[in-house]
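Here is a set of questions and answers to read beside the model on your screen. Let's walk through it together, one topic at a time.

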Amino acid sequence: MKRHALHRTRAMSVGFSLVCGLAMSPGLPAVSTGGSLASAQESGTPTQEPPTSGSRLQEAVRVELNDGTVLYGTIVRETGDEVEIQLMSGSSIVLDRGSIERTEVVSGVMKGGAFLPPDPNRSRLFWGPTARTVPKGQGYFGVYEIVAPFLTFGVTDWLTMGGGVPLLFSPSDGISTLWLTPKIRLLHREKLDVAVGSFLLFETGDDGSFGAIHYAVVTAGDERASLTVGGGMFQGSLDSPGALMVGGQVRTSRSVKLMAEGYLLDGGGLLILGPRFLGQKLSADVGLGMPFTGDGFFVLPVVNFAYAW
């Protein structure tokens, strides 16, 4: 019994650390904001129209040319032979359709004259949740601290489900651990989201156990900067003061954002600081976690990877 109690304590500690407490991938293609292109005015009529995603007029689009150049802007005019794009700088360029490899409608914001595509991991900070959900049909697979793989996907636009299995227990331990992370978005505005969710931890074995943290969280801001505030309560410990979380993100470039995430617990807390490196599909978090109690604090590395689809 003492042996299994120790395992349960260790599993719950790992699970709580994963909630309370993805590295390097290529950056996004550079945004071109103007200039002449040799292919922009080439003669000749293409045999087929480049593939598109949805209606493109007056929507932000990503245009990839045959030579690898990537443009971000708005399509303002299309003919059988040409496409006119207003670039993020405000200037316009006319492209021959034969020079266009592909186009797709994109979402994002402008900062300092550059287009910032959305972070594919907007639903989380380093470890804890934001109030944003994963769009229906999209998701990401990743790993926390090398030893805890996880999967998160959008069931609907307002319901996100996730789960994982920490790779910390061998079969000889006689136990298996699984966590699930359902989240429901209650309110969505242009720069404000409110959500509730749970971290559910299951342990199987001779003395199987269950634990949970239920939380509410609010996120305000956009791709340039955001602030997240939340609070959680431990199931089975309703007399405890629970935990408070505050987190923030600031986008410094197309491929980097700085993040901070802090927790206030009964008798101590945790602070995590560091960057998130963003690719089109891959992302990596590289930070330093600083748990602290009344007796002091220490520093531990925080390294997470994620691949979005």
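Q: Which residues lie nearest the centre of the largest pocket?
A: This is a predicted model, so the answer describes computed geometry. The largest pocket is lined by 42 residues, and its volume is about 1,200 Å³. Nearest its centre lie Ser107, Pro118, Asp119, Arg122 and Gln138.

Q: Which strand gives the largest share of the lining of the largest pocket?
A: Strand S5 (100–105), S8, strand S12 (183–189) and S13 each supply at least two residues of that lining. The largest share is three residues, and the strand they come from is S12.

Q: How many residues of the lining of the largest pocket are charged?
A: Let's sort the lining by residue type. It holds 15 nonpolar and eleven polar residues. The charged ones number 16.

Q: Which residues are linked with Arg62 in a network of salt bridges?
A: Side chains of opposite charge can pair when their charged atoms come close. Here the side chains of arginine 62 and glutamate 64 meet at 3.6 Å, N to O, and those of glutamate 101 and arginine 102 meet at 3.9 Å. Both distances fit the cut-off of within 4 Å, so both pairs count as salt bridges. The network links Arg62 with Glu64, Glu101, Arg102 and Glu104.

Q: Are arginine 62 and glutamate 64 buried or exposed?
A: For contrast, look at another bridge of this network, between glutamate 101 and arginine 102. Glutamate 101 is partly exposed because its relative accessible area is 36%, and arginine 102 is partly exposed too, at 37%. Arginine 62 and glutamate 64, however, are buried.

Q: What is the N to O distance in the salt bridge of arginine 77 and glutamate 84?
A: The structure holds 15 salt bridges, and the side chains of arginine 77 and glutamate 84 form one of them. Arginine 77 counts as partly exposed because its relative accessibility is 32%. The N to O distance in this salt bridge is 3.0 Å.

Q: Which residue in S4 stands opposite valine 83?
A: Strand S3 (residues 82–87) and strand S4 (residues 92–96) pair in the antiparallel sense over five bridges. They form a hairpin with four residues between them, and glycine 90 in the turn has a positive phi of about 105°. Opposite valine 83 stands leucine 95.

Q: Which residues have the most contacts inside the largest nonpolar core?
A: This core has 24 residues. Several strands each supply at least two of them, including strand S9 (148–154), strand S14 (209–221) and strand S18 (268–278). A second, separate core of eleven residues includes Val63, Leu65, Ile85 and Ile93. In the largest core, the residues with the most contacts are Trp127, Tyr140, Tyr144, Trp179, Val217 and Ile272.

Q: Is isoleucine 146 buried or exposed?
A: Isoleucine 146 sits in the loop between S8 and S9, and its phi is positive, near 70°. Glutamate 145 is found in that loop as well, and it has a positive phi of about 50° although it is not a glycine. At 23% relative accessibility, glutamate 145 counts as partly exposed. Isoleucine 146 has a relative accessible area of 56%, which means that it is exposed.

Technical notes: Residues are numbered from 1 along each chain as its sequence is written. This is a predicted model: local features need pLDDT of at least 70, side-chain atom pairs count only at pLDDT 80 or more; totals for chains, interfaces and linings use all residues. Side-chain values use heavy atoms; hydrogens and water are left out. Buried means under 20% relative accessible area, exposed over 50%, partly exposed in between (1.4 Å probe, protein chains only). A nonpolar core is a set of buried Ala, Val, Leu, Ile, Met, Phe, Trp, Tyr and Cys residues joined through side-chain atoms within 4.5 Å. On a 1 Å grid over the protein atoms alone, a cavity is a set of points where a 1.4 Å probe fits but cannot get out, and a pocket is an open set with protein on both sides within 12 Å along at least five of seven lines; lining residues have an atom within 4 Å of a point. Grid points are joined across faces, edges and corners, and a volume is the space filled by probe spheres set on the points. Ala, Val, Leu, Ile, Met, Phe, Trp, Tyr, Cys and Pro count as nonpolar, Asp, Glu, Lys and Arg as charged, and the others, Gly among them, as polar. Two strands pair if DSSP finds at least two bridges between them.
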